[in-house]
Amino acid sequence: MNAPAVAALAAGAPRPVLRERGQREVFCGLTGIVWLHRKIQDAFFLVVGSRTCAHLLQSAAGVMIFAEPRFATAIIEEKDLAGLADVHEELDQVVARLLARRPDIRLLFLVGSCPSEVIKLDLAKAAARLDAGMRPRGVRVLAYSGSGIETTFTEGEDACLAALVPEMPQAGNLGQRLLVAGSLADVVEDQFARLFADLGIPADVLPPRRAGQLPPVGPGTRVLLAQPFLGATAAALERRGATVLPAPFPFGARGTEAWLAVAARAFGVSFDRFEAVVAAPRARAERALARHRPLLEGRRISFLPDSQLEVPLARFLAEECGMVPVEVGTPYLHQRYHGPDLARLPEGVRLAEGQDVERQLDRVRADRPDLVVCGLGLANPLEAEGLTTKWSIELVFSPVHGFDQAGDLAELFARPLVRRQKLAALAPEAAT
Amino acid sequence: MKLAAWTYEGPPHVGAMRVATAMRGVHYVLHAPQGDTYADLLFTMIERRDHRPPVTWTTFQARDLGADTAELFKAALRDAHARFRPEAMLVGASCTAELIQDDPGGLAATMGLPVPVIPLELPSYSRKENWGAAETFLALVRALVDRSRRPSPREGRRPRVNLLGPTALGFRHRDDVTEVTRLLDTLGVDVHVVAPLGATVADIAALGEADLDICLYPEIADSACRFLEKSFGRPTIRTVPIGHLATCDFVREVAGHLGLDPAPALAAAHARLPWWSRSVDSTYLTGKRVFVFGDATHAIAIARVARDELGFEVVGLGCYNREFARELRAAAAEHGIEPLVTDDYLEVEARIAALQPELVLGTQMERMIAKRVRLPCAVISAPVHVQDFPARYSPVMGFEGANVLFDTLVHPLVMGLEEHLLTMFREDFEFSDEAGPSHLAASHAAQHAAAQPQIRPEPVAAQAAADGLVAWTPDAERELRKIPFFVRGKARRNTEAYAAARGISAITVETLYDAKSHFSR
């Protein structure tokens with residue numbers, strides 16, 4: 001087994017965390033639909049919400065999708081609120097119209113929103129009723145909440161996957177199987193599948209690409225989280241008897257190696273076999289990272305809270321690219337899942353959980369890091385103040401996990417710095 | 001409950017944000033849950049604004065609902081005032097906060113802030129973005145205008161007017177304001193206040209000093225203009241100067257009200273559209289069948305340009321904002337066509353599929369539809385997209401706006417000369433049909449069409465071919481393939497209609513040419 005990686009897993013001393021409550025500049029969980037509907041190809045996501053929900057989805061996804069999307073919003077209207085219309089009857093009609101138009105759909109999610117939750121619309125009950133009616137037609141109906149009052153950005157995926165867990169078939173007593181939880185780009189998922197096959201580890205993925213391919217779960221299931229925001233999914237899997245393996249997240253050469261090593265250890269893979277399988281892709285990742293390291297080394301970086309990927313990414317940038325994290329803000333800091341990456345962060349990093357955006361921007365202005373990772377609403381205003389930014393959402397939408405994306409991941413952080421250099425003559429200070 | 005995949009308009013509080021963001025010294029405190037802050041990126045990304053919108057969000061979460069969300073709102077308002085020191089504040093609720101009924105306006109009134117605080121009541125479950133913008137602008141004008149201020153005597157000064165309606169995230173508002181300001185200058189008229197775009201609280205107070213109000217964007221400024229008419233007893237110019245002819249009308253109307261001679265301004269116009277359109281190269285534009293859809297003001301104006309300034313045939317006209325349905329229906333009647341008033345893009349798609357126009361003039365939504373049905377398209381109206389904020393000067397109002405419109409409406413079409421070449425070479429083996437016109441990247445479109453998921457059309461979307469009982473014989477189908485792709489849809493539709501009307505069940509080559517002679521103009 002890989003000794004350095006295992007040693008690094010030892011939990012460090014607890015670090016001070018700045019906890020803030022104020023204005024949060026983050027997406028709600030509905031945003032996850034943008035990538036989830038691409039991942040589960042025969043699923044449809046029906047948000048039961050307001051015009052605001054529809055507008056959010058369109059603003060977050062609109063420019064990227066030209067085909068008819070597999071998501072829509074059932075917009076609650078005045079007459080629904082006034083009790084003039086039976087909301088459940090209305091919902092049934094909307095669903096009937098939708099499924100008539102899209103006979104290819106096999107799984108329908110009713111997705112709760114802020115308004116549906118405030119008016120206490122029971123979507124779980126509605127889903128159960130619709131599910132009973134639709135099952136003979138081969139369509140399943142499930143519900144989860146992507147509302148902003150309940151979920152922050154990537155927590156929407158967590159809620160969606162957690163809703164799938166009770167539907168997973170019971171695993172027989174056929175020994176251990178690995179379950180990789182968290183949606184990944186297909187290309188990355190295929191790379192991991194090859195690595196696990198080469199290691200001799202039987203592995204499944206959640207979510208599956210098709211609704212009918214839900215993997216089995218049971219006491220023999222060992223779960224490796226591919227994303228750091230899946231606390232509810234992990235808990236649901238544990239309720240089904242599965243065991244979650246704590247690991248750093250698979251970013252970069254060392255992160256991916258450590259993540260795979262945790263699985264290898266759980267499945268009793270020999271050190272020699274592990275080395276034989278990972279040596280080549282790890283070397284490729286290291287070569288790819290070496291190209292970006294000169295530009296990133298010593299550069300100071302701050303993360304504003306967004307996706308919960310902040311801690312693992314800061315670990316990657318500090319440990320593998322030589323960057324200096326100044327502030328790492330995250331919407332939620334889960335010691336249990338973020339612990340292995342936290343332990344590998346350098347001393348002196350300011351950790352912040354939650355957000356008060358105005359105060360956080362004050363700190364960014366005082367720190368003046370070389371790179372600020374932030375949401376789309378803040379990026380251009382910060383650029384106009386002379387700071388260099390990286391859109392955080394790209395880190396969620398792009399394939400960045402695993403050995404063969406390590407270079408791409410580093411490049412995402414290098415690109416804004418390279419661009420600033422290339423366009424130096426256009427900067428306002430250059431004109432004076 | 002209404003099913004929506006795409007929407008033309010955002011919620012009303014986004015309209016309020018467009019007004020607040022357009023102005024200077026105004027700050028908007030919105031009671032809203034976490035996640036609603038996505039709206040900030042519309043301004044910073046689509047319009048590339050270099051400042052955050054002047055909006056503070058309470059971003060409450062589930063745990064706050066059990067506690068005191070009203071207190072949360074008051075703290076946010078107090079902090080926003082202390083940090084940003086605005087000259088006036090707007091307070092309101094988004095859809096979710098509307099349901100919890102904390103009454104932001106009432107809470108703000110108890111706090112005694114030293115600036116005007118204007119409450120906004122924007123019902124999210126029945127109204128939309130444009131209405132929200134109009135209501136916000138009206139509320140600001142009503143609260144801030146100084147009713148004692150009147151125009152000074154006209155002697156010794158040029159007349160001055162207010163330009164009302166431009167906002168942040170408006171379709172070409174930035175350049176329209178510049179163009180209309182220049183146009184008025186050639187007429188000897190000064191612009192007193194532009195609002196909301198760039199206006200301060202002091203500017204709004206001084207609105208009464210103008211000689212005339214110009215309602216540039218009725219969707220946003222109509223209700224404020226009515227209020228000013230009543231308050232100051234002066235008329236509003238409501239002709240929207242989109243297109244060459246409408247711009248001439250506008251100049252004459254402004255001149256008439258102010259007692260000026262319009263002739264010099266009309267003579268000084270750098271108007272290329274009239275000659276570009278009359279030149280023989282443009283002959284091929286004659287009778288092109290166009291479908292127009294957008295906000296009512298832009299759709300109506302563009303339909304006039306299409307028919308009277310380019311010689312197109314307007315076969316469809318519609319808008320997504322019901323508030324202006326009456327105006328749109330009147331315009332459609334004038335064109336002798338069925339109006340389409342809907343905010344359901346599937347209905348728009350069905351209408352386009354049924355009408356088979358040669359050109360679609362619409363919003364970004366119609367651009368997507370046109371891509372799917374492989375029709376050329378130009379964007380003429382909001383909702384906006386990053387492409388609608390070009391780096392170059394690109395108004396749609398005034399004489400330069402008409403020049404821009406000529407290019408915008410003509411460039412998506414196959415050029416006249418290219419059309420002749422297509423006819424000449426259509427039998428050439430290398431000139432494959434499937435290649436399509438290069439500017440549409442149709443080879444990609446064909447692949448996309450193949451990769452598209454199976455979609456069962458709605459009953460209304462069913463094409464004429466599907467519900468008629470006419471079939472094409474193989475010979476006729478082959479002959480149809482010889483017709484250039486850009487008129488083939490029309491030929492197919494006409495032939496089928498011709499056959500159906502005569503009870504012909506099998507279309508032969510003869511039927512095809514009979515239909516051609518029947519429909520020939």
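Which residues of strand 3 of chain A lie on one side, which on the other, and are they buried or exposed?

## Strand 3 and its two faces

In this predicted model, A:Phe71, A:Thr73 and A:Ile75 sit on one side of strand 3 of chain A, while A:Ala72 and A:Ala74 sit on the other. Both faces are covered, and every one of these residues is buried. Strand 3 spans residues 71-75, and with five of its five residues buried, the strand counts as mostly covered.

A general point helps in reading this pattern. Side chains in a regular strand alternate between the two faces of the sheet.

## Neighbours on either side

Now for the pairing partners. Strand 2 of chain A, residues 43-49, runs parallel to strand 3 of chain A and is joined to it by five bridges. Within chain A, A:Gly49 stands opposite A:Ile75 of strand 3.

Strand 3 of chain A also pairs across chains: three bridges join it to strand 1 of chain B, residues 2-4, and these two strands run antiparallel. Here A:Ile75 stands opposite B:Lys2.

## Cysteines

How many disulfides does a search of the whole structure find? The count over all chains is zero. A:Cys53 is in no disulfide, and its nearest cysteine sulfur belongs to B:Cys95, 5.9 Å away. A disulfide calls for two cysteine sulfur atoms within 2.5 Å. A:Cys53 is also buried, with a relative accessible area of 8%.

A:Cys321 is likewise worth a look. The closest cysteine sulfur, in A:Cys374, is 19 Å from the sulfur of A:Cys321, so the two are too far apart for a bond. A:Cys321 counts as buried too, at 1% relative accessibility.

Terms used: Residues are numbered from 1 along each chain as its sequence is written. Chains are lettered from A and ligands numbered from 1 in the order in which they are written. This is a predicted model: local features need pLDDT of at least 70, side-chain atom pairs count only at pLDDT 80 or more; totals for chains, interfaces and linings use all residues. Side-chain values use heavy atoms; hydrogens and water are left out. Buried means under 20% relative accessible area, exposed over 50%, partly exposed in between (1.4 Å probe, protein chains only). Helices (H or I, at least four residues) and strands (E, at least two) are DSSP runs, numbered from the N terminus. Two strands pair if DSSP finds at least two bridges between them.
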